[in-house]
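Thanks for making time this morning. I would like to walk you through one chain, so please bring up the sequence and the model and keep both in view while I talk.

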Amino acid sequence: MAALRAAKQAMRREIKKRVAALDDQEKLRQSRVISQKLFKHPNYASCERIAVFLSLHDEVRTEEIIQDLFKHGKTCFMPKYLTQGTSNHMDMVKLTSMEDMMSLPLTSWNIRQPAANDNTREEALETGGLDLILMPGLGFDRNGNRLGRGEGFYDTYLERCMTHPKGKPYTIALAFREQLCQDIPVGNNDVLIDEVLYDVLD
């Protein structure tokens, strides 16, 4: 267990360094390529209830994707992270518009999310479940292994999805090329991703 934790930490440091070396223009360029790939993806086209992360500075930009979801009348859900004591709990709550997103308060991570006392929003698993989750992460390999930030939010949420009548949604990770690794070290609680989208070099 300690060896796995150390291997993950070392890999996180290495990937963070690689992504930090990218300038904003290149991050934007890769993000646009990935967004266009996603828009042509059959699973994206056929899915109605989609959860998407609001990107941090070192993640693939998702604003264009969120705009596209609203444009095509899909139901958009976003993460709401609740850190209570030692337990890290995440819900996927409904976003109604781009204006709704822009009006959300900023957290200490500098991402927008509903306030802790905002309990009015639909939570995906309390209603119709999810068809697709667009996954963030620090690193990925081509076998669908994912390296998160170590909090376990998404792995725990996917386990909850499995108990929903709809079952586990399809998962697509969005990654810069610099986030791809040969092999990601994984443990028993790490959930496999169905697919990783990234900008392929010609």
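R177 counts as partly exposed, because its relative accessibility is 22%, and I should say at once that this value, like everything else I will mention, comes from a predicted model. The partner to look at is D199, which forms a salt bridge with R177 in which the closest N and O atoms are 3.0 Å apart. This pair links distant parts of the chain, with D199 in the segment after β8 (195-197) and R177 in the loop between β7 (170-174) and β8, 22 residues apart. D199 has a relative accessibility of 7%, and therefore counts as buried, since the cut-off for that word is under 20%. The pair does not stand by itself, for E26, R29, R177 and D199 are linked in a network of salt bridges.

How many salt bridges does a search of the whole structure find? The search finds 14, and I will take up two others from the chain.

One of them joins D58 to R149, with the closest N and O atoms 2.8 Å apart. Because D58 sits in the loop between β1 and α4, while R149 sits in the loop between β6 (146-147) and α6, this pair ties together parts that are 91 residues apart in sequence. R149 has a relative accessibility of 35%, so it counts as partly exposed.

Another is the salt bridge in which the side chains of K94 and E122 meet, at 3.9 Å from N to O. K94 lies in strand β3 (residues 87-95) and E122 in the loop between α5 (98-102) and β4 (132-135), so here the parts tied together are 28 residues apart in sequence. K94 is partly exposed, with a relative accessible area of 30%, and E122 counts as partly exposed at 25%.

Let me go back to the loop that holds D58, and ask which residues UniProt lists for "binding site". The entry, which is unreviewed, gives L54 and E59, and of this set L54 is taken in by the lining of the largest cavity. L54 lies in the loop between β1 (49-51) and α4 (63-71), and E59 has its place in the loop between β1 and α4.

Are these two buried or exposed? L54 counts as buried at 12% relative accessibility, and E59 counts as buried at 6%. Leaving aside neighbours within four places in sequence, L54 is in contact with E59, T62, I66, M78, M101, I111 and R112. With neighbours within four places set aside once more, the contacts of E59 include F53, P136, G137 and F176, and also R149, which is the salt-bridge partner of D58. Within the loop, the side chain of E59 reaches the backbone nitrogen of L56 at 2.8 Å.

Last, the nonpolar interior. The largest nonpolar core has 56 residues, and among those with the most contacts inside it are M92, L130, I133 and Y157. Helix α6 (residues 153-162) contributes the largest share of this core, 5 residues. If you select Y157 and leave aside its neighbours within four places in sequence, you will find it in contact with M90, D91, M92, E123, A124, L125, L130 and I133.

Technical notes
Residues numbered from 1 in each chain as written. Predicted model: local features only at pLDDT ≥ 70, side-chain atom pairs only at ≥ 80, totals over all residues. Heavy atoms only, no water. UniProt positions renumbered as here; feature names shortened; annotations may be inferred. 1 Å grid on protein atoms, 1.4 Å probe; cavity = no way out; pocket = protein on both sides within 12 Å on 5 of 7 lines; lining within 4 Å. Helix = DSSP H or I, 4+ residues; strand = E, 2+ residues; numbered from the N terminus. Buried < 20%, exposed > 50% of the residue type's maximum accessible area, 1.4 Å probe, protein only. Contact = heavy atoms within 4.5 Å. Polar contact = N/O pair within 3.5 Å; in protein donor to acceptor, adjacent residues only side chain to side chain. Core = buried A, V, L, I, M, F, W, Y, C linked by side-chain atoms within 4.5 Å. Salt bridge = Lys/Arg side-chain N within 4 Å of Asp/Glu carboxyl O.
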